[in-house]
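This report looks at helix packing, burial and backbone geometry in one chain. Please keep the sequence and the model at hand while reading.

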Amino acid sequence: SLALPYMGTKRQLAPIVAEVICLGKPGVVLDVFSGMCAIGQAVGSRRIVWNNDVQRFSSEVASALFTARKPFSWTGPEQEYVTKQFRKNANSLQARYGKRLAEEKDVLRAGGLARIQKYLSSGTHVANDEGLENERDLRSRPKTKTAPYNLCSITYADGYFGLLQSVEIDSARYALDNAYTHGVINDDQFRWLLIALCQAAGRIASTTGHFAQFLSVNANNLSTYIGQRNKSFWDTWMQCSQHLRPIGSALWRKRNRVFNRESLSLL
């Protein structure tokens, strides 16, 4: 199953709800607020499952789990292409943030609380730099996507993620978009890798347990904070991509459907 942090998850209730559903008359199960698909996963192939969520990401997760033609896989050349594009974007951002990246590496290695706090307080991001806020404004960007991607680096570095982690997240997304645009990976591969990207980001993030607030480093959580900051996004992303699988058989998945609609409109 896919376990992603999600506010309001029904995961603990899902087995009970699934048993109640399966006591009813035969037919399709429609979950109009599917989220991370806890109910659908608990029902499994005992019913045809239709998932809906107004959030695009949730519907993409549902599509991968319930309608994918086959499990995720990719060839050596496809991996090499994604890796090359990842490095292209990362190299551009590392040239831009070289001094700051070196400083981040030094303070994490030293591990002193005061030094880490001083480093964090000196950072610039969209909340304290008008230039970066303007850079983030997608309305001012050209319609075509251009390298390097840097949205995470200028928005969440020194907060939810370290700067190096943010550079890698930006570069992974650039690599995916580039590979998909050029036909190197197909719809299913793009979807699986994007879900794995989000899962990996959740695993390395420094949070209070969800993405409503990032973790402020202090004496009590210093060890945990440093441990999270030292995690490699790339390695975690590759690990996550190896363990994502669709639910049930290919024949059963053909009968499922996924919607990305407002609930009343869908009904």
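## Helix α11: one buried face

The model is predicted. Start with helix α11, whose buried residues are L222, Y225, I226, Q228 and R229. Viewed down the axis of α11, these buried residues fall within an arc of 160°, so they line one face of the helix. An α-helix has 3.6 residues a turn, so residues three or four places apart point the same way.

On the other side of α11, S223 and T224 are exposed. The buried residues of α11 have several packing partners: α5 (98-110), α6, α9 (163-181) and α10 (187-204).

## α6 against α11

Two packed helices are described by the angle between their axes and the distance between the axes. Helix α6 spans residues 113-121, and helix α11 spans residues 222-229. They pack at an angle of about 55°, and their axes lie 11 Å apart. An oblique pair falls outside the parallel, antiparallel and perpendicular ranges; α6 and α11 are therefore oblique to each other.

The crossing of α6 past α11 is left-handed. On the α6 side, L113, I116 and L120 make the contact. On the α11 side, L222, Y225 and I226 do so. By class, the residues of this contact are six nonpolar, no polar and no charged. L222, Y225 and I226 also appear among the buried residues of α11.

## α9 against α12

Helix α12 covers residues 233-243. It packs with α9 at an angle of about 45°, with the two axes 9 Å apart. α9 and α12 are therefore oblique to each other.

From α9, the contact draws on Q165, E168, I169, A172 and L176. From α12, it draws on F233, W234 and W237. The contact of α9 with α12 divides into six nonpolar residues, one polar and one charged.

## L101 in helix α5

L101 belongs to helix α5. Its relative accessible area is 12%, so L101 is buried. Leaving out residues up to four places away in sequence, L101 touches Q94, L163 and L164.

How far apart are the C-alpha atoms of L101 and V49? They are separated by 47 Å, with the two positions 52 residues apart along the chain.

## F66 and its contacts

F66 sits in helix α3 (residues 56-67). With a relative accessible area of 0%, F66 is buried. Which residues does F66 contact, leaving aside neighbours within four places in sequence? They are C37, G40, Q41, V49, N51, I247, W252, R253 and N256.

N256 deserves a second look. F66 and N256 are 190 residues apart along the chain. Their C-alpha atoms are separated by 6.3 Å.

## Two positive phi values

Most residues other than glycine have a negative phi, and most peptide bonds are trans. C37 has a phi near 70°, a positive value in a residue other than glycine. C37 is found in the loop between β1 (29-31) and α2 (38-43). At 0% relative accessibility, C37 counts as buried. C37 is also one of the residues in contact with F66.

D158 also has a phi near 70°, again positive in a residue other than glycine. D158 is in the loop between α8 (151-155) and α9. Is D158 buried or exposed? Its relative accessibility is 15%, so D158 counts as buried.

How values were computed:
Residues are numbered from 1 along each chain as its sequence is written. This is a predicted model: local features need pLDDT of at least 70, side-chain atom pairs count only at pLDDT 80 or more; totals for chains, interfaces and linings use all residues. Side-chain values use heavy atoms; hydrogens and water are left out. Axes are lines fitted to C-alpha atoms, for helices over the stretch in contact, and angles run from 0 to 180 degrees between N-to-C directions. Helices (H or I, at least four residues) and strands (E, at least two) are DSSP runs, numbered from the N terminus. Angles under 35 degrees count as roughly parallel, over 145 as roughly antiparallel, 65 to 115 as roughly perpendicular and the rest as oblique. A crossing is left-handed if the near helix is turned anticlockwise from the far one by less than a right angle, and right-handed if clockwise. Contact means heavy atoms within 4.5 Å. Ala, Val, Leu, Ile, Met, Phe, Trp, Tyr, Cys and Pro count as nonpolar, Asp, Glu, Lys and Arg as charged, and the others, Gly among them, as polar. Buried means under 20% relative accessible area, exposed over 50%, partly exposed in between (1.4 Å probe, protein chains only). The arc is that of the directions from the helix axis to the C-beta atoms.
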